[in-house]
Every structure is written in structure tokens, then in C-alpha cells.
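Subject: Structure handover and findings

Hello,

Please find the structure below. My notes on it follow, for you to read alongside the coordinates.

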Amino acid sequence: MKRLCAIALATVASLGPWQCLHAGGLWLNEYGDPASGRAAAGAAAGVDDASTMLHNPASTIRLEGNQLLASAALLQPVFEFNQDMTGTPGPGGGNGGDAGVLSPTGGVFYVHDSGSDNWQAGLYFSGLAGLGLDYDDDWVGRYQSIENSLLIATLAPTVAWRFTDRLSLGVGLQYYVATLDLSLRVPNPLPNRPDGRATLDGSDTDFGFTAGALYEWSESTRIGVNYQSELSPDFGGQLELKGLGVAVDTNTELTLAQKVRLGIYHQLSDRLALDISLGWDDWSALDKVFVAVGSTGASLDKNSRDTSHAALGFQYQLNPRWLLTGGVAYDTSPMESRFRTADMPLDRQVRVAVGGELILSESLSVGGYVNYADVGRAHIVAPQFQGDYETTDIYQLGMNARWHF
């Protein structure tokens, strides 16, 4: 059994970069809500619907009446690798095809009118992180990844207090569920035998929190800041090495970095408003990932780095019923090419979004948006292969409905 655990631990060690990078680049910036139609620019300064508590719990103090918002979105990644045939000879195989997997996200948000100008409460359920990839079984990077998916969703009550006439504070307690599934090929230690296939699954539930502040400088200008705590899922599951006769329990500990978003909203005219966001994500805190197989454990280096975020957007009131939005966002890369793996080949990220909202009645509004993300060339330099991703795009289509009562 000890020998089997040692083989399994060596296999999981090869998954270590996946754990770090997959978690390190997948905080969602858009949730299907109306702010997604401007790439979430300025969202920490408050938005005019119940989803505002996700961007900054303090900003719910601005809402009047009971509000319910339901949102849904689909993310379609397109990831196509192109290996560099002039580099170190690899294990052979193709480029993996289009590895993108259609993924859903969205949420439900409710804010209850307290009847007081000094406090407000709400509750939401929403996705926070997640994406998936699926390569061809025989591709050149099969010893790094074939399939992988990560999903994190949270249920969170929030409360906001009006501290002064201009300053409001808010907090949200997040109960989250995290699931992890991945597979890759494993070289068979016996000669002339086919490769094995490693599959790992795990899940966890735990708590995190958000905290925010909103300063209403004037009727036309607001400044907000929101803090998202670290989330530290501890994935307990089972590792199976199909074809090698190994099946053991595993435990994988990792951290999704804390982050801060600063938002600014300024109304330039009766019709036009400008939105700005600046942010920081603490990915360098992920120095190690701890993996346990049976009674054996190891601490794995991950080598990611802090990232910066910036976004600029606008809102234009075309007429009393139609609101048009747009925005661009930029995030720096969480790691260098020599540490990047095929599990989640993210580089720097550029997002462009356009959206709109239509008032159907005094109590109902509907909206939608399209979002395009370019996540860079994602150059990979691995021991057995290297190359670039010719295409690293993510397309997102979202819709939402808001009830005010």
C-alpha cells in the first residue's frame, strides 16, 4: 500500500500547477448581472439593482423597496494550442483540438426594504469561480491535462449600515461549495504497456466573507471599495490511476486569493455616466499547495504572482425606457510562461462588453449583454513540449430580469 501511495503522490504532484493556476485565474468578473454589460466597471461604487451586494454589500443602502434580480450567463471558451516543433522533442501527439467547454453561471439576488434609511439587508446565491477544458486524449500535453473543471458557488446574507449621511458600511457572510474534477495521462512504469489515466475528484464547503464601504461624495459622484476574503477549499476525494491499479483517498488544500476592488461612478450629464474600477488580487499568497495521499503528504511550489485589474465603462440613458452600457477591462497575468501549464492557460486578460436594459413596467426590467475576453498567447515552456495558444478567447452571453416591489 505504501508503494501505491507513493506512485499516487507522485502523480498528484504533477497536478500541482493545475491547482494553483486554475484557482489563480478564475475569479469571475461578470455574473450575468446588469453591471456585466460594462465589464463590471465601477461596480464597487454601487449599481441600481439587487446584484449590487455582490460587488459591494455597503451599496445596498441606496436601494429603495424590495428588489429581486435573477441572472444567467453562458461562457464559451475557445482554446487552441499550437506546439513549437523546433523545441525539445515531446511525447508525440496532436495539438489537442479546441479545448473549450461551455460553462454556465449566474445568480439570484434579493434585497429587503428594512423601512429604515440607516440599514438594509439582502441575500444572494451566485457563482464565484469556474471554467472547464477538455483536450483530445492523445494530444502532446496529455501528461499535464486532458479534462478539468472547477466550480465555486456561494450563498451569502448581507447587511449594510449608513454610518454617516455620506458613508455606508456593509458585510456579507459567504457559505460556499467548491467542486473539482480533472484527468490526465500517466506514463506506465512497465515497458511496452499503455499509459494509465489519472482521475481526481473532490469537493468542500466552507465560509468566506466580503466587506465594503461606499462614500457618496455628491448626487452625481460615488466612490466604493470592496474586499473579498481568501477562500480555502480543502478538496477531499479519490485519485484513481486507471490501468495502473491504484485507487486511494486524497486531500488537496489550496487558496483562492483575497482581492480588493475600488469603484468610481460619476454622472457627466443627465444621460451619460462614467464608471472606473481599479483592483488587486493577492495570488502571490499561494506559495504552496498541500497534497495528501493516504498517510503521505507533500507541499508543492506554485510560483504565481499578484495581479492588477482596471476597467472603464459608461452608462447612457437613450430614452426613459432604454439604458445602454459598455466597457473594457484589463487584468495582468498570474504567472510566467515557464510556470504555465495546459490545465488553465491564462495570460493577461482583456475584456470588452456591451449591454442594455429595458424598463417594461414600473416593477419589471430586463437586460442582457455580450462579453468577449482575450486571455493572451499563453506561452507554455514544459519539460516535454512547448508552444503557444493560437486562440485563447472566452465568449459570454448573459441575460437578467429585475423585479421592484
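How many bridges join strand S15 to strand S16, and in which direction do the two run? This is a predicted model, and in it S15 (residues 322–331) and S16 (residues 349–359) are joined by 10 bridges and run antiparallel. Within that pairing, Val-328 has Val-352 in S16 as its bridge partner.

S16 also pairs with strand S17 (residues 364–374), again antiparallel, through 10 bridges. One of the partnerships there is Val-354 with Val-370, the latter in S17. With 4 residues between them, S16 and S17 form a hairpin.

Overall figures

The protein contains 19 strands and 2 helices. Of its 405 residues, 54% are buried. Among contacts with a separation of 6 or more, 69% are between residues 24 or more positions apart. The exposed area of the protein comes to about 16900 Å², of which carbon and sulfur atoms supply 58%.

Surface patch

Which residues form the nonpolar patch on the surface? They are Trp-217, Ile-223, Val-225, Leu-262, Leu-268, Leu-274, Ile-276, Leu-278, Leu-312, Val-328 and Val-352, and together they have about 870 Å² of accessible area. Two elements give two or more residues to this patch: strand S7 (221–228) and strand S11 (272–281). S11 is the element that gives the most, with 3 residues. The bridge partners Val-328 and Val-352 are both members of the patch as well.

Leu-278, which belongs to the patch, lies in strand S11. Why is Leu-278 classed as partly exposed? Its relative accessible area is 46%, and the partly exposed class runs between the limit for buried, under 20%, and the limit for exposed, over 50%.

A buried threonine

Thr-307 is located in strand S14 (residues 307–317). Is Thr-307 buried or exposed? Its relative accessibility is 6%, so Thr-307 counts as buried, the cut-off being under 20%. Leaving aside residues up to four places away in sequence, Thr-307 touches Gly-279, Trp-280, Asp-281, Trp-283, Thr-332, Ser-333 and Pro-334. Among these, Gly-279, Trp-280 and Asp-281 fall within the range of S11, residues 272–281.

Regards

Methods
Residues are numbered from 1 along each chain as its sequence is written. This is a predicted model: local features need pLDDT of at least 70, side-chain atom pairs count only at pLDDT 80 or more; totals for chains, interfaces and linings use all residues. Side-chain values use heavy atoms; hydrogens and water are left out. Patches are made of residues with over 30% relative accessible area and no salt bridge: like charges are joined within 9 Å, nonpolar side chains (Val, Leu, Ile, Met, Phe, Trp, Tyr) within 5 Å. Accessible areas come from the Shrake-Rupley method with a 1.4 Å probe; for residues, only the protein chains shown count as cover. A salt bridge is a side-chain nitrogen of Lys or Arg within 4 Å of a carboxyl oxygen of Asp or Glu. Buried means under 20% relative accessible area, exposed over 50%, partly exposed in between (1.4 Å probe, protein chains only). Contact means heavy atoms within 4.5 Å. Two strands pair if DSSP finds at least two bridges between them.
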